[in-house]
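Hi everyone, thanks for making time. I'd like to walk you through one model this morning, so let's put it on the screen.

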Amino acid sequence: MGPEGKTLLNIIILGFGFMFMFTAFQTCGNIEQTVIKSFNSTEFHGSGYTSMAIIYGVFSASNLIAPSVVAVIGPQLSMFFSGLVYSGYIAMFIHPYTWSFYTASVVVGIAAAILWTAQGNLLTINSTDATIGRNSGIFWALLQFSLFFGNMYIYFAWHGHVHISDKDRQTVFISLTVISLVGSFLFFLIQKPEPEATPSEASESLLQTEATPGLGSQALDAFSSMCVTLAPFPPSGLELTFYSGVYGTCIGAMTQFGNDAKSLIGLSGIFIGLGEILGGGVFGMLNKCNRFGRNPVVLLGLITHFVAFYLIFLNIASDAPIAPEEGTHLQAYFTPSVEVALLCSFLLGLGDSCFNTQLLSIVGFMFREDSAPAFAVFKFVQSITAALAFFYSNYLLLHWQLLIMVVVGFLGTLSFFVAEWVVVSSRRDTDYDNI
């Protein structure tokens, strides 16, 4: 197998490893608040939203040390040990205690920073300028298959269940723990890329040209770095919170959906996964964004999100995110529809994939030689916004949460446009100088 084939195989293995791990973890996050409501009246007293806020808060802070850990033990071992921590968090739900619940939340937040920094590093060293968009899409599509498989299991396992029993919970979380462990061990199949798989001669020429930049070039690089590593990322953190924890809880709380409301959480996750997979395949794996740039894909993501948010606002009761176990009896703006709820799930997944494939692509493209710190900054901003969103999800009604995502999404999209323009301008100037 040639160098290009080996790097492509590495990306596929990376995607499958994350698919197994996050089949377990994303399913866990999607059902966590609903499961907790079923046993919160016993010795256990906790909140799934609070746990996720802790995870992403610690995740954000831990990005300061994650590049150093990856540099010392390497990306492969970093992902393996992080995966074991994820498995421990999921296994905690088999026999949960309040102290173990929140302790595991802190530890998995540290592991998440190391895991995603190592993932970004591996994605970059196995890609070139020509393949970074394709590889980002392949990875993203495989990762999001996790939403499809895990939530399909929840749908069939909980079909017709109004209350989640201890046996239901234990069966689900034992299965998810085993699936997560499989993903962790897959990382050992990743091979070290050969020198030929590193950046192309054109990229090396670009790096040599940038080795002694002038004052104007330094200012341009500083501005572009600021735009790429900070401003466009908050929308992805808020969206992550909403589709991975809040929206499923809202659907499960809608008494108007009948006895199937709890199983609809899994079906909603399936439709989110379908949207994610479609977006990753079309805009990443097929590499369609290269001809027209990344901006049209990001704009499509913004429009898709706005449509989904408006329909959710009309279809779901405002108190659904904070409703008790018995659900909400408030009426939405029109008669609640399961079909509309699932359409919104699909649109949330499609819009999220539009943002994230392009963010992975532009970060890997700009920071090829120092990718671990760059992806750490990416995850720092994304995770701190996710932590804030999970925190306010304990208190804010649905329409306020939607309004926050609309405003932040619009501003983040504008900042991405500026960042992409700076990247394109910088590349054109460099190409002209090299003629």
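Before anything else, please keep in mind that this is a predicted model.

Let's begin with Phe-139. Is this residue buried or exposed? Its relative accessibility is 0%, and the cut-off for buried is under 20%, so Phe-139 counts as buried. The same reasoning works for Phe-18: with 0% relative accessibility, it counts as buried too.

Now, the structure holds 25 aromatic pairs, and these two residues make one of them. Phe-18 and Phe-139 sit edge-to-face, 5.2 Å centre to centre, with 75° between the planes. The pair joins distant parts of the chain: Phe-18 belongs to helix H1, residues 3-39, while Phe-139 belongs to helix H5, residues 132-157, and the two are 121 residues apart. Both also belong to one aromatic cluster, which includes Phe-22, Tyr-86, Trp-116 and Phe-187 among its members.

Next, a helix pair. How do H3 and H4 cross? The axes of H3, residues 66-91, and H4, residues 98-125, come within 7 Å and cross at roughly 135°. That angle is not over 145, the cut-off for roughly antiparallel, so the two helices are oblique to each other. The crossing of H3 past H4 is left-handed. As for the contact residues, 21 are nonpolar, six are polar and none are charged.

Finally, a quick geometry check on H13, residues 338-366. At 1.5 Å a residue, its 29 residues should span 42 Å, and the end C-alpha atoms are 43 Å apart, so the two values agree. H13 is also mostly covered, with 23 of its 29 residues buried.

Key. Residues numbered from 1 in each chain as written. Predicted model: local features only at pLDDT ≥ 70, side-chain atom pairs only at ≥ 80, totals over all residues. Heavy atoms only, no water. Phe/Tyr/Trp six-rings, centres within 6.5 Å; stacked < 30°, edge-to-face > 60°. Helix = DSSP H or I, 4+ residues; strand = E, 2+ residues; numbered from the N terminus. Buried < 20%, exposed > 50% of the residue type's maximum accessible area, 1.4 Å probe, protein only. Expected span 1.5 Å × (residues − 1). Axes fitted to C-alpha atoms, helices over the stretch in contact; angles between N-to-C directions. Parallel < 35°, antiparallel > 145°, perpendicular 65-115°, else oblique. Left-handed = near helix turned anticlockwise from the far one by under 90°. Nonpolar A, V, L, I, M, F, W, Y, C, P; charged D, E, K, R; others polar.
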